[in-house]
Amino acid sequence: MRIHSALVLAAAATGCALSPVMPPISRSYVQPGGAPATAAPASELATSPIVREYDPGENVTRVSVTTHRGQYFLWAQKPRLTFFFVHAGQAPTTRPEVMYLVFRTQTPQAVLDNHLQLTCDGAARMADGLPTSRVVPGILASSHYLTFEIPLATYLALGRCGTAEVQVGGVRAPFGADQVALLGLLARELPTVTP
């Protein structure tokens, strides 16, 4: 009974807040330059999996989709994957040059390294660059968030794959057809380049 009371008190002291899934919205994610673009299309579905977040202080908007919800219970350890892009203002004026991937794991699952491997129709390729990393400690488990930059062309190609997989440090996240379709749904939110 004392252990249970101690856990309740610890949870109350921390406010029972869930750790954030996404990094804070920041102008640092907005790529300078880029091709001129027309306005992004509005999501057609009322229950769209696309999430739009506007920060009036920074005057930036983040548009994201979560392809893998993650599962962390006993022996089921599956990572959470969220892809996003950020643009200045409430409507984009340029097409971004990169997309971002937030790859989340939770203890006891751990990545062996911080290298991103993308597999499309059986062809694997290592992504360039290193991610930003943050660990959010919890009462019983810690979450590890790795944020990768993916060139826009690579992201668009991944969204056209018949089969796809993302792997970070030995932790694999295979894509079903519905998850590949979500990549395409986010791609449709990108502004169209004007001639």
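**Figure 1. The whole chain at a glance.** Counting up the secondary structure of the protein chain gives 3 helices and 12 strands. Keep in mind that what you are looking at is a predicted model. Of the 195 residues in the protein chain, 40% are buried. Now take the contacts with a separation of 6 or more: 69% of them are between residues 24 or more positions apart. As for the outside, the chain exposes about 10800 Å², and 60% of that comes from carbon and sulfur atoms.

**Figure 2. A close-up of an open sheet of 4 strands.** Read across the sheet and you get the order E8-E7-E11-E12, with antiparallel pairing. Which strands stand at the edges? They are E8 (123-126) and E12 (171-175), and each has a single partner strand, so one side of each is left without a neighbour in the sheet. Going from one strand to the next, the twist averages 15°.

**Figure 3. Zooming in on strands E7 and E8, which run antiparallel.** Strand E7 covers residues 116-120, and 4 bridges join it to E8. Want a pair to look for? Find Gln117, whose bridge partner in E8 is Met126.

**Figure 4. Helix H3 packs on the sheet.** This helix spans residues 177-187 and touches two strands, E11 (164-168) and E12. How is H3 oriented with respect to E12? Their directions make an angle of about 85°.

**Figure 5. A salt bridge between Arg52 and Glu189.** The structure holds 3 salt bridges, and in this one the side chains meet at 2.5 Å, N to O. Arg52 sits in strand E2 (residues 51-55) while Glu189 is in the segment after H3, so the pair ties together parts that are 137 residues apart in sequence. Is each partner buried or exposed? Arg52 is partly exposed, at 38% relative accessible area, whereas Glu189 counts as buried, at 4%.

**Figure 6. Glu53 and Arg62 meet in a salt bridge.** Here the N to O distance is 2.9 Å. Glu53 has a relative accessible area of 27%, which makes it partly exposed. Arg62, on the other hand, is at 4% and counts as buried.

**Figure 7. Glu165 forms a salt bridge with Arg172.** Look for the closest N and O atoms of this pair, which are 2.7 Å apart. Glu165 is buried, with a relative accessible area of 11%. Arg172 has a relative accessible area of 51%; the cut-off for exposed is over 50%, so Arg172 counts as exposed.

Key: Residues are numbered from 1 along each chain as its sequence is written. This is a predicted model: local features need pLDDT of at least 70, side-chain atom pairs count only at pLDDT 80 or more; totals for chains, interfaces and linings use all residues. Side-chain values use heavy atoms; hydrogens and water are left out. Buried means under 20% relative accessible area, exposed over 50%, partly exposed in between (1.4 Å probe, protein chains only). Contact means heavy atoms within 4.5 Å. Accessible areas come from the Shrake-Rupley method with a 1.4 Å probe; for residues, only the protein chains shown count as cover. Two strands pair if DSSP finds at least two bridges between them. Axes are lines fitted to C-alpha atoms, for helices over the stretch in contact, and angles run from 0 to 180 degrees between N-to-C directions. A salt bridge is a side-chain nitrogen of Lys or Arg within 4 Å of a carboxyl oxygen of Asp or Glu.
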